[in-house]
Amino acid sequence: MNTEMQGFIQKYDLLGCIQCGRCTGGCPVTVRTNLNVRRFVYDAIDQSMLDNLAKLPEIWDCTACNTCAVRCPKGLKPVEVLIGLRNILVESGVIQPTVRDALESVFREGNPWDKPRAIRSDWMQGLEVKIAEPGKKVENLIFVCCTIAYDPKVQVIAKNLVKVLNKAGVDYGFIGDSETCCSSEVHNLGEEGLFEMMVEDNTELLNSYDAARIVTISPHCYSTYKSQYPNLKAKVIHYTHLLKEILEENKLEITREFPQKIVFHDPCFLGKQNNVFDEPRYILGRIPGAELVEFERKRERSLCCEGGGGKMWVESESRKERLAETRVNNARELGATLLAVACPFCILTLDDALKAKGFEEEMRVAEILEIIGELV
Amino acid sequence: MDTKKLSKDKFGDFMAILSRQKKLYVPQKEGESLRFAPVTAGSQPDLAFPNTTVPPKSVLFPQTETLYQFEQGNTDMSLPGEGEERVLFGVRPCDARAMAIVDSLFSWDVDDPYYLTRREQTTLLGLSCLEPGTNCFCTSVGGGPASTEGLDMLLTDLGEAFLLQTVTEKGEKIIQSVPELLEEATAEDLKAAEKLSQEAAVRIARGIDTDGIPEKLPGLWENPLWKDFSESCLGCGICTFLCPTCHCFDIQDEMEGFEGRRCRMWDSCMFSEYTLHASGHNPRPSRHERTRNRVNHKYSYFVKNFGTIACVGCGRCINLCPVNIDILNILSQVVKEAI
Amino acid sequence: MNNKPKIGVYVCHCGINIAKTVDVNTVTEFASHLPNVKVARNYSYMCSDPGQLLIREDIKNEGLNRVVVASCSPRMHELTFRKTLAEAGLNPYYLEMANIREQCSWVHEEGERATGKAKKLVAAAVSKVRLLEPLQEKEVDVEPATLIIGGGIAGIQAALDIANAGFKVYLVEKTPSVGGRMSQLDKTFPTLDCSACILTPKMVDVASHPNIELFTYSQVEEVSGFVGNFQVKVRKKARYVDVDKCTGCGACAQECRLSGRIPSEFDVGMGKRAAIYLPFPQAVPAKYTIDSQRCLFLTRGKCGKSPKCVDACAAGAINFEQKDEIAEFKVGAIIVATGFDVFDASRKPEYGYNDYVNVITSLELERLVSASGPTGGSVMIGTGEDASVPREIAFIKCVGSRDKSVGNEYCSRVCCMYTAKLAHLVEEKIPGANVRVYYMDVRAFGKGFEEFYDRVRREGIRYIRGNPSEIFKRGDKLVIKVENTLTSTPMEDEVDLVVLGVGLEPRKDAREIIDLLRLSQSADRFFLEAHPKLAPVDTATDGVFLAGCAQGPKDIPDTVAQAKGAASSALVLLSSGRVKVQAQISFVNEATCRGCGFCVEICPYGAIELVTVNRMGHQVSVARVNEALCKGCGACAAGCLSGSVQQKSFMDRQILPQIAVLGGMR
Amino acid sequence: MVDLEKLKTAARETVSRDDVKYLIGWRQGTYGFRVSPHFVKEPEEAEKLIFSPLCTNNLATYLVLTERLPLPRGEQPDSRKVALMVKGCDSRAVVQQLIEQGIKRESVLIIGCPCEGVIDLKKVEEKFPHLPGPAQARWSNGNIVFHLPDGDKEVPKGEVLAAKCLSCRYPNPVMTDLMLWEEVQTRGNDEYDDITELEAKSPQERWLFWEDKFSSCIRCYSCRNVCPMCYCEDCVLDRLNPAWVFRSNNISENTAFHLARAFHLAGRCIECGECERVCPVGIPLMKLNRKLAKEVKEKYEYIPGLDPESKPLQSSYRPDDKEDFIL
Amino acid sequence: MKEQFEPNVVAFLCNWCSYAGADLAGTSRIQYPSNLNVIRVMCSGRVNPLFVVNALQQGADGVLISGCHPGDCHYMEGNFYARRRFALMKELLEYVGVDARRFNMSWVSASEGSKWKDVVQGVVEKAKEAGPFEQFRRNKINW
């Protein structure tokens, strides 16, 4: 047994657990997998069990939505126990090839998508983008997110942000090619060593700018910078904070009518984990002609889309329909014509679900920036 | 008295012999300040100064001095040791004159054994003051760059060599103890030294005609000038502690558990508790009475008692006053007011 | 008087407890040579009668004026030996003890070292005792009256006990009626007797007792003074109804334009009242009050042509000109019985309390099952035509208790039992209903509790172990997401009604009381008692006592018991009539005080104030210690830059010699 | 921009007021680069007032230095206001005195002189030694121009300014009744680099450093007397019973004296640097004071002399104050 | 033979928690080094930080302040003031080169007799490591 395992009880405060079951009760994936996170907290107290626990396939079902930690009455973080178990596997090298590739890609290229560093800013082509310079004052330093930078399906988010920022005349700067992965998913996949390294590197990089705020586009980057980077000098915000600010100060006008019935899906990393609920709704509320409806499971009770927790690179078995499909179904029942989100992962999972369900005719999944960009 | 010449290349040997004979004090840096301290291995004499921050009185009249030690519940007391022979090298003429002034106080009505013994055991080797400081005014108070009053021997830096002029027997003895290092001084040497000190005297930029000041002061007792000049006074002890002629002391018992010692230590007439009575009454309750006392003591009372002004014009009180209270300005105001 | 120290040093053998390790003869011999020591002796038991006699004889015969006893801890026998000194006619504070047992002979086996340390401790004591000064223990009279803040069951009970003992009580209640939370309850566990039936008579007694002056709709504004002598200011808020004229007929409320339009506090918002109202039918006093925040006339200056209540009141009791009044009086003791707030269920958004009408709190259910409640005692979801009777009913316990995520780590102590009670009542009111209780632990610790829990379970209430995590709607059912932790089964339970077993919290306005009385809070934010076990009703402020849920969650029997405890503590004070104040207190050398007020800020008891004095013609401000308030901690003395504040018996000049001896003696 | 005419006019008007006792400002000294505090009682005395890079003195000290002599029975003390010219740092002293009730707000009239930094006399006298006649200086575009007998000399600020001014965070008075001219730009953002540097040394090195400095102390008490925060009428360090520190001059008592002095200023020192400036033997006292200022800022987020409504640091606490040093 | 250095530690204990805790260690007969001597004050808030300077001057090789745990102060707040004062005094002492091992502060409650032993052992051990503190001692310098 290594010393890391010795520390499991202390590290995750396992003895603080009173077995109330709120973690498992709140876990969104229990309806479709065998994951019972409380049992892991309970079983992990026996150090000799750790290696066996780490081999259970359920540990890869967790989406890191954090509901278990938010709900825990004793302040424990059951999700981290699962990540700790993943770490044991990663250390021993027994991981799925897709995961290994993603981690290696972060190490080599600074992104999990196995794309070259050099083309990170390719999405900017044809746009008037301001690039921030280290040491120079900039109000808003924009952090793009690997998925948005590389995945052509969601690059539009960043492009539209540029459009919005330019229109609003906000002082901003992008990082450009030196931008590297926030490593949220590296942590969630259990690669602690790489994560620590990335935190150090990224802290140095981000602190080299004289920025008042770091504006993240993805809630995953937002949440990670906010809670796992203790030494950042600038304040970290999500773009919805900035966009709300812009709209409040009337720096941007949405003139075009948009007669749609919109339902907003709260991303876990934005809502549950960081209590950003009102900003996206404010922005959507400013769209002329749009009608806002709400899910039954909204805000603190929002249902996870299963995009996080490294699930982009992990295949796991399940019993029932995907939560993203449930979500799309619910949206359809509400009569929504537009399912709005504020997260690149949610876009990908919900859009997939939409297509799998064949609802493309009646409904559309779109990022808030996508909509706003179209309307200004 | 004798005149000799000490070549600079033999200066090191000269000092070495002196330090073997007696405890040798030379001006040395301590912190940022310059003061007389015993020569130890590796200590550096520093002679490029108008005068030391702390005057040499700190050796003859230490800031703190144990008079005797005692134990509670026990009438025995123990006295300090015998003391030792010492030499102070590099004393400026003004500071030496100051010691002569202090001598008259400590041998006044009652001989002070602590001071006088130490004075007797100490030889003062002076150094002519060839680069006067900004606020030097020794020439206004009866001194000069090459004054020998209070010294046992005066040295003058002639460039390649020092000219040695003995003043007392103690000085003679020093010369006699190092015959091998010395050569006879020539008339030219004496002349050169004379010239150097005269030139130095010319370079003294500040001064005042002190004639009549002692007589005028008593009449200015209630004059507003004291208030005017003391308004900005902080009541600190810089001007007095660093004055080479100030000699006031306090006696205190310092207790440690059941043991204690009686000691005397420098006091300053600028301190608020200086003349504070046990009743709480203070005849000099504010800074203007104290300022008045400081000037009067030097330029009036001491003159009356000992026939000399108790100020040697070293300029320390002007140089170091944090609020630019300038005794020359006070004196010139005294002169003006008296007319 | 010649006060040159003449010290007697008495070294105790304590049988062999000290003498076995410490060479008491050597220590005695050593002590005899210390300055100012006249006598040094040792004896087998200094605390025994002969031992004390030895000291008394020496004081008389040798003219001793200071005593050092080297024996056990001063915490053990300081008072004993002070008495010895006093009996011999010496000021008891001329004593210093050297602890050569607990902190020497018992903890160091090696004789030579222990003896050496004992010598040092004795020398340090001698060095200090020489400088001690005589102190006077002052006594002050106690005002034979008590202020009780809070008119719930705790305040009511304490008031009745003290009043029955013949002392004056001022009972101050913030709301228009006494009764508190207990009056909102329907039945009480585990006996199921009617809450109103047992409470109402006591409410009436309080109002009619000749020794009790009742202030309802009033607030304590200011408390100054100290134990035995508190000055109190109470603001009687304007009711806009002349209580002497009001007959409580209720005609005004019926006529009020806002009748049935304002959520009733008593019914937790489920029922409605008028702008002029009686909080509940059995309210005491049975006098109406106008809600100045709602009344149309008071808020807008206009109510139709004229206020309807005025027209309706035959007694002419309504008076819109009424102003707040201030009452001032003196008391010797204060009892804080301010109660609790129920946990605000909307702080757990995952339970959808704000979103769903069929998610209610236990207090709301309490009103629903009450015959005097908004539904006349039937358990219904919603109101009016949409109202329906729930069949599937779930209780969730520990809502807002034992939960760090809302900052409440404590157990609220009543939820387990009231849940059992309510489950039982629901089952009784809705025959055939399916009632289940979701729980983490069942804590049935009180008398008859376990038996009641047993009964309820046997009646068919299902207890499922698992704390629900989320509630949302699916169709017309509520879905409870929960894990049955006994079977490790995550499940979704569909029900009609969810009852949240909300916990008890410190009152939101607790800060006002803290500032008023300088109380402290424990980690759970309830008021802190002086000692959790041995002084559970006392506080760190002498003369201020706690009763009921203000100190921590409690059920009714415990509340009443503590109220009686607080009443008896107050009575001890009142009936003795005198109270001794600390002697080793702080004092100020006004001549050197610079008036910066650091000590004033530091003093936890508000015992120091700045006063203006004439110093040789100048008005200067200096600190002054109120000797009755000072508790003698000395924190002011250590914080005084000019050394002007000193603590008697612990003055700088008394401590520094101790340091010199202990630090310097090798 | 310094406007001397405006300053003098304001001073004349101020001292003409019935409720003003006198005004304290600066005037040229008797020689060299010295400046002396100037007490203006009559309007015509305002003519001598100056404001220049030579005005080092923190005049706030005089608000608490005046002796309160016994008044004859029946005579009322002069309770009129004292008008005071302040630089940024000086104004913090006034604010801190208000916090500590050392003075009353109504007894002082604060005239603000936004300041571009004052000289370090030692640095200047090294550059231009031996100047028996008085000299003047003024600020000029980031430089300081000295008017010397042999013509004007312009020197970059960095070469002659006092260290405290190079990292000054509060060049503009933080509280005034009258601001004489427009505020100047804040120059520094003090990171306490000098303190960190000394902290990095070994304990032995630090002891030797301070031993050297403290052993040269002559206990003249100028550091204490010049300090605007040291206004106890009877300083504990002067007291004989109990004798906290003996008057004896030796390394033990000197060290104890300086520790006590520094500690008493914890959370109170407003870093005007006067103690270090006046020390005749050059003890770097600000290195002591600033160490505590740094700790107070880091540990308790407290900066003295800014908010007259704030509670003094030494008489306040937070339940969650750091306690990593406790066993 | 090289004699082992026996340090002298002066401790200030509050009456209600730490002094009582030390008494408890006594009644429980828990053994600890005899190098530490206690001065009893009513509250750790009474301890003037200058006492520490004074103790070092008067010959102590180490100093300990001990009071109630935060929130447990008999006088409610005294130990909070003590904590602030000594946090700063400790910094100051270390800054002038006083060995960090010479100054200690602890929270020991009336029930922590064995913690008291640990504290004393630790403090004495540290003072021993730091060695005699001659440089600052009064009686070595000018007597």
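Colleague: What comes right after helix 2 of chain E?
Modeller: Gly59(E) follows helix 2 of chain E, and its phi is positive, near 120°. Helices here are DSSP runs of H or I, at least four residues long, strands are E runs of at least two, and both are numbered from the N terminus.

Colleague: Any ground rules before I go on?
Modeller: This is a predicted model, where local features need pLDDT of at least 70 and side-chain atom pairs count only at pLDDT 80 or more, while totals for chains, interfaces and linings use all residues. Residues are numbered from 1 along each chain as written, chains are lettered from A and ligands numbered from 1 in written order, and side-chain values use heavy atoms, leaving out hydrogens and water.

Colleague: Back to helix 2 of chain E, how many of its residues are buried?
Modeller: Nine of the nine residues, 49–57, are buried, so helix 2 of chain E is largely enclosed by the rest of the structure. Buried means under 20% relative accessible area, exposed over 50%, partly exposed in between (1.4 Å probe, protein chains only).

Colleague: Which residues are the buried ones in that helix?
Modeller: Pro49(E), Leu50(E), Phe51(E), Val52(E) and Val53(E) are among them, and so are Asn54(E), Ala55(E), Leu56(E) and Gln57(E).

Colleague: And what does Phe86(E) touch?
Modeller: Leaving out residues up to four places away in sequence, Phe86(E) touches Pro49(E) and Val52(E), plus Val47(E), Asn48(E), Ile65(E), Phe103(E) and Met105(E), and also Phe325(D) from chain D. Contact means heavy atoms within 4.5 Å.

Colleague: Which residues touch the most other members of the largest nonpolar core?
Modeller: Phe86(E) is one of them, together with Phe12(E), Ile162(C) and Ile276(C), in a core of 241 residues. There is also a second, separate core of 137 residues, which includes Cys181(A), Cys182(A), Ala336(A) and Cys343(A). A nonpolar core is a set of buried Ala, Val, Leu, Ile, Met, Phe, Trp, Tyr and Cys residues joined through side-chain atoms within 4.5 Å.

Colleague: Switching to chain D, how many helices and strands are there?
Modeller: Chain D has 12 helices and nine strands. Of its 327 residues, 61% are buried.

Colleague: And what share of the chain D contacts is between residues 24 or more positions apart?
Modeller: Counting contacts with a separation of 6 or more, 72% in chain D are between residues 24 or more positions apart.

Colleague: Where are the cis peptide bonds you'd point me to?
Modeller: Phe189(C) and Pro190(C) are joined by one, with omega about -10°. Pro190(C) sits in the loop between strand 8 (187–188) and strand 9 (193–194) of chain C. Another runs from Asn241(D) to Pro242(D), where omega is near 0°. Pro242(D) is in the loop between helix 9 (222–226) and helix 10 (251–264) of chain D.

Colleague: Which residues have a positive phi without being a glycine?
Modeller: Glu306(A) is one of them, with phi about 75°, and Asn324(B) is another, at about 60°. For background, most residues other than glycine have a negative phi.

Colleague: Is Glu306(A) buried or exposed?
Modeller: Glu306(A) is buried, at a relative accessible area of 8%. Its place is the loop between strand 6 (291–293) and helix 16 (323–333) of chain A.

Colleague: What about Asn324(B), buried or exposed?
Modeller: Asn324(B) counts as buried too, with 7% relative accessibility. You'll find Asn324(B) in the loop between helix 11 (316–320) and helix 12 (327–338) of chain B.
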